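User: I am new to this structure and would like to understand how its labels are reached. Could you take me through the reasoning step by step?

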Amino acid sequence: MKIVIIGGEMTAYYLARTMLSKGYDVVLINKDSELCEEFSKTLNATVILGDGSRKEVLEDAELSTNDVVVILTPRDQVNLLISQLAMKVFGVKRVVSLVSDPGNIELFKRLGVSTVLNLTTMIVNTVEALLFPDEFSNIIPLEKGIEFLQVVVDERSPVVGKRLRDIQLPNESVVAAIVRGGVLVVPRGDTEILSGDRLYVIVNSRIKEEVETLLVGR
């Protein structure tokens, strides 16, 4: 059994890193050659350069019924196509797909996608959290053992001026969003952290304080 991650940028990277740390075999499929090169250099995973919506590319991944396929492209139509290929052509039973439009969630579920991830809802929670700008941090409970950590970076923070890819976050944490001057910034590997940034981090409850200290130095 292996984890096959299709599309995505740093989300794919952090997910792959976490799965590898837990002992799983991981395959990354991405049509961005620069990302694939970076993945190959930094992860002990199989990396395939190609379009995950094409049957021949999925064949290169040697999909089997026991695999878990995680689809992270930003386009719902593409994600739905990949999910159907994985399930109907390769017999994959467990498919996790990103869905950008909340209105498409029921369609994905109706067509057999086992788990649907909707970031729009997460962003709504982020925007609502901005109603409390003076708080140092705000913890929004998600599933049991998972928290949504909000921290404000100042000029004394050890991560100011660093690119996101250079910050050694623990495996069970990921920066989900950055708000800069009231504007949402989608975090990518080359995103530089600036003083005043408000970071929203999904984190395992056990390492919440460790992550908070790493980001703000307190």
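**Rings, bridges and a pocket**

Analyst: In this predicted model, Tyr13 is buried, and Tyr14 is buried as well.

User: What makes Tyr13 and Tyr14 an aromatic pair, and why is the pair called edge-to-face?

Analyst: The ring centres of Tyr13 and Tyr14 are 5.3 Å apart and the planes stand at 70°. Rings pair if their centres lie within 6.5 Å, and planes over 60 degrees apart count as edge-to-face, so both conditions are met by Tyr13 and Tyr14.

User: Why is the pair of Tyr13 and Phe39 called stacked?

Analyst: The centres of the Tyr13 and Phe39 rings lie 6.5 Å apart with the planes at 15°, and so the pair counts as stacked, since that label is given to planes under 30 degrees apart. This pair links distant parts of the chain, with Tyr13 in helix H1 and Phe39 in helix H2, 26 residues apart. Tyr13 and Phe39 are both buried, and together with Tyr14 they form one aromatic cluster.

User: How do you know that Glu9 and Arg188 form a salt bridge?

Analyst: Between the side chains of Glu9 and Arg188, the N to O distance is 2.5 Å. A salt bridge asks for a side-chain nitrogen of Lys or Arg within 4 Å of a carboxyl oxygen of Asp or Glu, so this pair qualifies. Glu9 sits in the loop between strand S1 and helix H1, and Arg188 in the loop between strands S10 and S11, so the bridge ties together parts that are 179 residues apart in sequence.

User: Why are Glu9 and Arg188 called partly exposed?

Analyst: Glu9 has a relative accessibility of 30% and Arg188 a relative accessible area of 36%. Buried means under 20% and exposed means over 50%, so values in between are called partly exposed.

User: What makes Glu38 buried while its partner Arg165 is partly exposed?

Analyst: Glu38 has a relative accessible area of 17%, which is under the 20% limit, so Glu38 counts as buried. Arg165, at 27%, falls between the limits and is therefore partly exposed. The salt bridge of Arg165 with Glu38 has its closest N and O atoms 3.1 Å apart, and it joins the loop between strands S8 and S9 to helix H2, across 127 residues.

User: How do you know that Asp197 is buried, and which residue does it bridge to?

Analyst: Asp197 has a relative accessible area of 0%, so it is buried by the under 20% criterion. Its salt-bridge partner is Arg180, with the closest N and O atoms 2.7 Å apart. Arg180 lies in strand S9 and Asp197 in the loop between S10 and S11, 17 residues apart.

User: How many salt bridges does the whole structure hold?

Analyst: A search of the whole structure finds ten salt bridges.

User: Which classes of residue line the second largest pocket, and what makes Gly189 count as polar there?

Analyst: The lining has two nonpolar, one polar and seven charged residues. Among the lining residues are Glu9, Glu38, Arg165 and Arg188, and Asp, Glu, Lys and Arg count as charged, so these four belong to that class. Gly is counted with the polar residues, so Gly189 is placed there. Helix H2 gives the largest share of the lining, three residues, and the pocket holds about 150 Å³ of space.

Notes. Residues numbered from 1 in each chain as written. Predicted model: local features only at pLDDT ≥ 70, side-chain atom pairs only at ≥ 80, totals over all residues. Heavy atoms only, no water. Helix = DSSP H or I, 4+ residues; strand = E, 2+ residues; numbered from the N terminus. Buried < 20%, exposed > 50% of the residue type's maximum accessible area, 1.4 Å probe, protein only. 1 Å grid on protein atoms, 1.4 Å probe; cavity = no way out; pocket = protein on both sides within 12 Å on 5 of 7 lines; lining within 4 Å. Points joined across faces, edges and corners; volume = space filled by probe spheres on them. Phe/Tyr/Trp six-rings, centres within 6.5 Å; stacked < 30°, edge-to-face > 60°.
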